[in-house]
Amino acid sequence: MENGTNFIEVGGRVLTDLVFSHEIYGEGFYRFDVEVDRLSGTADALPVTVSERIIDKEAMKPGQLVLVRGQIRSYNNYVEADRKNKLVLTVFARDIEMMQEPLDPSPNDVFLNGYLCKPPIYRTTPFGREIADLLVAVNRSYNKSDYIPCISWGRNARYAGRLTVGDNVRIWGRMQSRQYQKKKDDGEVQEKTAYEVSTAKIEVIMPDEEPTGIEE
């Protein structure tokens, strides 16, 4: 998994019907959500984008068990109501395997090799838990990059909080969905979903040096 710069493998149940997303050079792409169980008993609902060329559209129905391998991709989506761009994440599927039985535990594995593109935000919760938010730019072909939010906890958060913009980092973790509320200017409260990589291990790659890091 460490041979590339951006890898994700998730397994779970198809949660939504296929919805057409876009077309590139005659190749159609579709979106759906996959529900991935956590060890805690809750589940993450993760968005997947897939080419019509690698799936049986008739078989991709809610409830179907799948194993998805690919990359985490990001793009900017202009939100008219907010009049600003929003960073949107998706699992871009390179391969989808239809499963007959659920995998136990449900796989949710991420590996990223990229560069810190914003100063880390370190904070503590009212209950004293340490958290650090990172934004990591992962390069891909054609001079493009994916910008992936990552969150660290505890000792990882303390370590991540000392990093600086431009640091080359490797991150192992899992992709998760998180519900939150946003209050609009008119007072209306909206339910929204954020997607991020929850970090299990992070290390900094120094030029001409062996990796150093910390694992939760």
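Which residue in β11 is the bridge partner of Val-110? In this predicted model, the partner is Gly-173. The bridge belongs to the pairing of strand β7, residues 108-116, with strand β11, residues 168-183. These two strands run antiparallel and are joined by six bridges.

On the other pairing described here, β11 meets strand β12, which spans residues 189-204. The sense is again antiparallel, and 15 bridges connect the two strands. Within this ladder, Gln-176 has Glu-196 of β12 as its bridge partner. The two strands form a hairpin, with five residues lying between them. In the turn, Gly-187 adopts a positive phi of about 95 degrees.

Attention now turns to the aromatic side chains. A pair of aromatic rings is described by the distance of the centres and the angle of the planes. Searching the whole structure yields three aromatic pairs. One of them is formed by Phe-20 and Tyr-30, whose ring centres are 5.5 Å apart. With 80 degrees between the planes, this pair is edge-to-face. Phe-20 belongs to strand β2 (residues 19-24) and Tyr-30 to strand β3 (residues 27-37), so the two residues are 10 apart along the chain. Phe-20 is partly exposed, its relative accessible area being 46%, whereas Tyr-30 is buried at 15%.

A further pair brings the account back to strands β7 and β11. The rings of Phe-111 and Trp-172 have centres 5.2 Å apart, and their planes meet at 50 degrees, so the pair is tilted; edge-to-face would call for an angle over 60 degrees. Because Phe-111 lies in β7 and Trp-172 in β11, the pair ties together parts of the chain that are 61 residues apart in sequence. The strands that carry these two rings are also the ones joined by the six antiparallel bridges. Phe-111 is buried, with a relative accessible area of 0%. Trp-172 is buried as well, with a value of 15%.

Trp-172 has a charged neighbour too. The charged end of Lys-201 sits over the ring of Trp-172, at 4.7 Å from the ring centre. A second contact of this kind involves Arg-73, which lies over the face of Phe-92, 4.3 Å from the centre of that ring.

Note on methods:
Residues are numbered from 1 along each chain as its sequence is written. This is a predicted model: local features need pLDDT of at least 70, side-chain atom pairs count only at pLDDT 80 or more; totals for chains, interfaces and linings use all residues. Side-chain values use heavy atoms; hydrogens and water are left out. Two strands pair if DSSP finds at least two bridges between them. Helices (H or I, at least four residues) and strands (E, at least two) are DSSP runs, numbered from the N terminus. Rings of Phe, Tyr and Trp (its six-membered ring) pair if their centres lie within 6.5 Å; planes under 30 degrees apart count as stacked, over 60 as edge-to-face and the rest as tilted. Buried means under 20% relative accessible area, exposed over 50%, partly exposed in between (1.4 Å probe, protein chains only). A charge sits over a ring if NZ of Lys or CZ of Arg is within 6 Å of the ring centre and within 35 degrees of the ring normal.
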